[in-house]
Amino acid sequence: MSGAHRPVPQHQPEHPSTAAAAQLPPAFPERAAWGTAGALRRWQREALEAYRSRAPRDFLAAATPGAGKTTFALRVATELLAARTVERVVVVCPTEHLKTQWADAASRVGVRLDPSFRSTAGTLAAGYDGVVVTYAQVGLRPHVFAGRCRARRTLVVLDEIHHAGDARSWGDGVAEAFEDAERRLALTGTPFRSDTSPIPFVTYVQEPDGSRRSRPDWTYGYGDALADGVVRPVLFLAYAGNMRWRTRAGDEVAARLGEPLTKDLTAQALRTALDPVGQWVPAVLGAADRRLTEVRRTVPDAGGLVIATDQASARAYAALLHRLSGERPTVVLSDDPDASAGIESFAAAGEEGPRWMVAVRMVSEGVDVPRLSVGVWATTTATPLFFAQAVGRFVRARRRGETASVFLPSVPQLLRYAAELEVARDHVLDRPRRSDPDDLWSPEEELLAEARAERSTPGAEELPFEALESDAAFDRAVYDGDEFTNHTSWAGEDDGDGEQALLALPGLVEADEMGEHLRRRPSRAAAAPPAEPVPVVDHRAVAAARKELSGLVGAYARRTGSPHAVVHARLRSTCGGPPVPEADLHQVRARVDTVRRWLLTG
C-alpha cells in the first residue's frame with residue numbers, strides 16, 4: 001500500500017456523513033448547477049429511495065453526463081458505511097486522472113479513499129475507508145481485490161462500467177475481482193457500447209429479435225436533465241467546404257464536405273478538412289474563438305476545448321489558436337505525466353486563466369471541467385459512444401441560461417448523433433446481422449475505429465491519401481433535434497449570414513429563447529428550393545468536361561500559385577451554378593471556356 005494518510009481539511013467532516021453527501025455540490029471541485037447545491041436533485045432522491053427499498057446487491061444507474069452520478073454514489077456509500085452494511089469502499093474508474101477526482105469528492109463527505117493504492121501493497125494505509133483504482137489495475141491483479149472483498153464487506157462502485165468491456169481481460173478481471181463483493185453499484189453516462197462485449201454485473205433482457213438489451217435500475221437521460229435545468233442545451237454548428245487530396249495511387253480527388261458522398265470519400269474528405277495545413281481548421285477555430293469571446297462577455301471564465309485525433313494535430317491546432325487568440329492554450333497529451341495536473345489547472349482557472357484547451361481523448365469522459373462552453377470536434381473518431389462522452393464535457397450547467405456551442409465537420413454521421421442527442425440508448429448483445437444496405441452498423445468497423453482511435457499518431461502507411469487543400473463554409477446549425485441552414489435570412493438578417501448571427505448570440509440564452517430564435521427562419525427542408533427537372537445528358541460527355549476542367553484549373557493554379565479550391569471558387573463566382581460534382585454539362589463547359597480565357601490572357 002503506497003501513500004500515507006492525508007490530513008482532511010477542517011471544513012470537511014471527519015467521518016462519513018450522509019448529511020454532507022446530501023448537500024454535496026454536483027459539479028466538482030467547487031461549482032454546482034443553478035438551484036441544486038442545497039440538496040440532492042430530484043432524480044438522486046428518487047434513485048436513492050429505489051435503492052433503499054430494494055437493498056440490491058447489484059444496481060445500475062444510467063444518468064447523463066453532468067447529472068450528478070458521483071453525488072448519488074457517495075450518498076449510497078455514506079449510508080452503507082454508517083449502517084455498517086459495508087466496511088470498505090472500492091471505486092473503479094477508467095483513468096488515472098479520475099482517481100484523484102473521486103478521492104477529492106469523497107473526502108468532502110468524510111469518505112477517505114486512497115487514489116495512490118497499488119495492488120502489490122500489503123494492507124490498506126491507516127485512516128482510509130477504501131481505495132480508488134482503474135479498470136486496468138483490476139484487470140492486472142483481480143485476485144488481490146477478490147481476496148479483499150472476501151475479507152471485508154465491500155461496496156464496489158464501478159464508474160462508467162461500460163469500460164469493463166473494453167478488453168476481455170478487463171471484463172474477466174472485474175467479474176473475478178468483485179464476485180464476492182457485498183454490494184456493487186454501477187454507474188454510466190453512456191449505457192451502450194459500439195461492440196457487443198458483455199459488461200459484468202449488468203442485467204440483460206431478451207428482445208423479440210433475439211438480441212439482449214441492458215436494463216438499468218435507474219435511468220436519467222439528457223432530455224430529462226435538460227427539462228430540469230440540470231444540464232445545458234447544446235447548439236451544434238456544422239461546417240462544410242471544398243476538399244482536395246491525393247490518393248496513394250497518385251490520383252487527385254476533389255469533393256465537397258457536406259455533400260452526399262460514399263463512406264470512403266466522406267472519411268477522406270474529413271481527414272483533409274482536419275489537416276492543420278489547410279484552411280478548414282483555421283477558419284473553424286477562428287469562428288469558435290469568436291463565439292468564445294462572445295460567451296465570455298456574460299460568462300467571464302468560459303473556456304473552450306478542441307478534441308484532436310492525434311498528438312501532432314493537437315500541437316498544430318494549439319499553435320493556430322495561439323496565433324488567433326494571442327493566448328497560449330493548455331495542451332493535454334496522454335503520454336504527458338503532467339496531463340492530469342494540466343486538466344485540473346485549466347478547470348480551476350478563472351477568467352484570467354487560459355481560454356482554450358487542446359486534448360487527444362484525455363477529456364472525453366468523466367473529467368469534470370464545468371467552465372467548458374465551446375467545443376471543436378477535430379477528430380476522425382466518430383462512434384456514438386465517443387460522441388456522447390465528448391459532448392458530455394460541455395453540458396454541465398452552473399447557472400441559468402448557459403448554452404454550449406460545439407463546432408462540427410458537416411459529416412452525416414456526426415450530424416445524426418447531434419440530432420439524436422436526447423435519445424436514450426442501451427447496450428445490445430447478440431445484435432442480428434441485417435442484409436439492408438442502409439444499415440451502417442458493422443461490428444468490425446466499430447472495433448477498427450476504436451482501435452485506431454487508441455493510437456496517438458497514425459503511421460504513414462495508415463494514411464490512404466495526402467491532404468492538398470481545403471476551405472470552410474458554414475453549413476447548418478443543429479439544435480433540439482432540428483436543423484437550420486444558412487440558405488435564407490436568419491432572425492431578420494437581410495444578408496442571410498446565419499453564421500455571424502449565431503456567433504454573436506449572447507453567452508446566456510434561455511433554452512426556449514434559443515429555440516425561438518432559430519425557428520424564426522425556415523428549417524433545412526423548408527429552405528430547400530423546389531426540385532427542377534434534371535435533363536438527360538451523356539454521362540461520358542460530362543466526365544470528359546470535368547476532366548478537361550480539372551486539367552485547366554491545375555494549369556492555372558500552377559501559373560498563379562493559387563490553390564485549386566480558390567480557382568474553383570473564382571470560377572463558380574464568375575459563372576454561377578453549383579459545385580462541380582452537381583454542375584450540368586453546360587455549366588462545366590462554361591467554366592472550361594472561362595479558365596481557358598484566363599490562361600490565354602495571362
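**Exercise 1.** In this predicted model, Glu 160 is found in the loop between strand 5 (154–158) and helix 7 (168–177); determine whether Glu 160 is buried or exposed.

*Solution.* Begin with the relative accessible area of Glu 160, which is 5%. Buried means under 20%, and Glu 160 is therefore buried. Its backbone deserves a remark as well, since Glu 160 has a positive phi of about 50° although it is not a glycine.

**Exercise 2.** Work out whether the distance between the end C-alpha atoms of helix 20 (residues 564–575) agrees with the expected span.

*Solution.* Helix 20 has 12 residues, and at 1.5 Å a residue these should span 16 Å. The end C-alpha atoms lie 16 Å apart, which agrees with that expectation.

**Exercise 3.** Find which residues of helix 20 are buried, and describe how they are placed around the axis.

*Solution.* The buried residues are His 564, Ala 565, Val 567 and Leu 571. They cover an arc of only 160° around the axis, so they sit on the same side of helix 20.

**Exercise 4.** Describe how helix 20 and helix 21 (residues 585–601) pack, and name residues that make the contact.

*Solution.* The two helices pack at an angle of about 115°, and their axes are 10 Å apart. Helix 20 is therefore roughly perpendicular to helix 21, which helix 20 passes in a right-handed crossing. Among the residues in contact are Arg 570, Leu 571 and Cys 575 of helix 20, together with Ala 590, Thr 594 and Trp 598 of helix 21.

Notes
Residues are numbered from 1 along each chain as its sequence is written. This is a predicted model: local features need pLDDT of at least 70, side-chain atom pairs count only at pLDDT 80 or more; totals for chains, interfaces and linings use all residues. Side-chain values use heavy atoms; hydrogens and water are left out. Helices (H or I, at least four residues) and strands (E, at least two) are DSSP runs, numbered from the N terminus. The expected span of a helix is 1.5 Å times one less than its number of residues. Buried means under 20% relative accessible area, exposed over 50%, partly exposed in between (1.4 Å probe, protein chains only). The arc is that of the directions from the helix axis to the C-beta atoms. Axes are lines fitted to C-alpha atoms, for helices over the stretch in contact, and angles run from 0 to 180 degrees between N-to-C directions. Angles under 35 degrees count as roughly parallel, over 145 as roughly antiparallel, 65 to 115 as roughly perpendicular and the rest as oblique. A crossing is left-handed if the near helix is turned anticlockwise from the far one by less than a right angle, and right-handed if clockwise. Contact means heavy atoms within 4.5 Å.
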